[in-house]
Amino acid sequence: MKEIKLRIKSVESTMQITKAMELVASSKLRRAKERVENSRPYFETLYATLFDIAAADSEFSSPYLAKCEKKCCLYIVIAGDRGLAGGYNSNILKAVEADAEGREYCVLPIGKKAVEYFERHKIRILTDSFAIAGDISVSDCFEISRLVCQKFLEGAFDEIRIAFTQFISMLTQTAIILPVLPFDAEPPEPGHEHQSLMLYEPDSAAVFDAIIPEYLAGVVYGALCESVASEQGARRTAMDSATKNAGEMIEHLNLYYNRARQAAITQEITEIVAGADAES
């Protein structure tokens, strides 16, 4: 009975912790959802502008559009800094592993869990300067973009993909691998070319090449916002499930405790009656 009582007390303490973590995750989730909603228009506007520039000119060329043989791919992988978030970290890391199977690649990990995973698996890391996802700011996203674009132009890798977890709802988060560079702009079909009404100074190619780093920084920031919201949603769901499981465990332990206590009382009564019968 004493062991069961100690076990009940331990589970109750654990349940208090998981409940507190669930409330904290719920509070952070509201702010993270606002960031996601505010970041999406910026990315959509940049993408639409780049697509219009590239699609308006059939003779348009840029190093960011070149599609050559894929020799080496860079994955920008966004994971969490902590666990206790269900399958949030493992899902995105498994998605990267499956997508990169059979190809040469290196990674730029964001988040402690991503850094630890790729170091453990001996995967080449471009830089681990952005290991703490919680400290990444907008300026850091532009720094990542400048670094990656410079390496891309130097030929260190010829394809860039970003791996993150898209926030769909509080209960649903999906691991996504998004191709970023080279920029995918389908050339206009013959006879369907449209003349752009926009004049670019000095020319459309220079404007396109100048916007690409901004576009990539916007993608990284948007993916980071999506991932943070997804992490908080996954953690809230995991902690809610843990709290419910702890409650069920306490109910079962209380049942065992009551049975043990009843058995002890019955045994004591039986001993008293047996002793009384022996005296008589």
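Me: Is Glu159 buried or exposed?
Reply: Glu159 is buried in this predicted model. Its relative accessible area is 7%, and the cut-off for buried is under 20%.

Me: Which side chain does Glu159 meet in a salt bridge at 2.9 Å?
Reply: That is Arg161. The 2.9 Å runs from N to O. Glu159 and Arg161 are both buried.

Me: What is the relative accessibility of Arg161?
Reply: It comes to 14% for Arg161, so this residue counts as buried.

Me: Which residues do the salt bridges with shared partners join into one network?
Reply: Asp99, Arg103, Glu159 and Arg161. Arg103 pairs with Glu159, at 3.2 Å from N to O. Asp99 pairs with Arg161, where the closest N and O atoms are 3.4 Å apart.

Me: How many salt bridges are there in total?
Reply: The count is 3, taking a salt bridge as a side-chain nitrogen of Lys or Arg within 4 Å of a carboxyl oxygen of Asp or Glu.

Me: Why does the Asp99 and Arg161 pair tie together parts that are apart in sequence?
Reply: Because Asp99 sits in helix H2 and Arg161 in strand E3. Those parts are 62 residues apart in sequence.

Me: And where are Arg103 and Glu159?
Reply: Arg103 is in the loop between H2 and E2, and Glu159 is in strand E3. The two are 56 residues apart, so this pair also links distant parts of the chain.

Me: Are Asp99 and Arg103 buried or exposed?
Reply: Each counts as partly exposed. Asp99 has 24% relative accessibility. Arg103 has 31%.

Me: New topic. How many helices and strands does the protein have?
Reply: It has 5 helices and 4 strands. Along the sequence the pattern reads α-β-α-β-α-α-β-β-α. Of the 280 residues, 38% are buried.

Me: Back to H2. How many residues does it have?
Reply: Helix H2 has 12 residues, from 88 to 99. It spans 17 Å from first C-alpha to last, close to the expected 16 Å.

Me: Which residues of H2 are buried?
Reply: Tyr88, Asn89, Ile92, Leu93 and Val96. They cover an arc of only 120° around the axis, so they lie on the same side of H2. The face turned away from that side carries the exposed residues Lys94 and Ala98.

Me: What about the buried residues of H4?
Reply: They are Asp140, Cys141, Ile144, Ser145, Val148, Cys149 and Phe152. Their arc around the axis is only 165°, which puts them on the same side of H4. On the other side, Arg146 and Glu154 are exposed.

Me: How far does helix H4 reach from its first C-alpha to its last?
Reply: It reaches 25 Å, with 17 residues, close to the expected 24 Å. Just after H4, Gly155 takes a positive phi of about 90°.

Me: Aromatics now. How many pairs does the search find?
Reply: The whole structure gives 2 aromatic pairs. One of them is Tyr75 with Tyr105: the ring centres are 5.6 Å apart and the planes meet at 85°, so the pair is edge-to-face. Tyr75 is in strand E1 and Tyr105 in strand E2, 30 residues apart.

Me: Are Tyr75 and Tyr105 buried or exposed?
Reply: Tyr75 is buried, at 0% relative accessible area. Tyr105 also counts as buried, at 18%.

Me: What do Tyr117 and Phe118 form?
Reply: They form an edge-to-face aromatic pair, 5.2 Å centre to centre, with 85° between the planes. Both residues are buried.

Me: Surface next. Which residues form a nonpolar patch?
Reply: Ile265, Ile269 and Val273 do. Together they have about 240 Å² of accessible area. Val273 lies in helix H5 and is partly exposed, at 43%.

Me: Last one. Where is Leu171?
Reply: Leu171 is in the loop between strands E3 and E4. It is exposed, with a relative accessible area of 67%. The C-alpha atoms of Leu171 and Ser230 are 9.1 Å apart, with these positions 59 residues apart along the chain.

Definitions and conventions
Residues numbered from 1 in each chain as written. Predicted model: local features only at pLDDT ≥ 70, side-chain atom pairs only at ≥ 80, totals over all residues. Heavy atoms only, no water. Patch = residues over 30% accessible without salt bridge, like charges linked within 9 Å, V, L, I, M, F, W, Y side chains within 5 Å. Areas by Shrake-Rupley, 256 points an atom, 1.4 Å probe, with all protein chains shown as cover. Buried < 20%, exposed > 50% of the residue type's maximum accessible area, 1.4 Å probe, protein only. Expected span 1.5 Å × (residues − 1). Arc of directions from axis to C-beta. Phe/Tyr/Trp six-rings, centres within 6.5 Å; stacked < 30°, edge-to-face > 60°.
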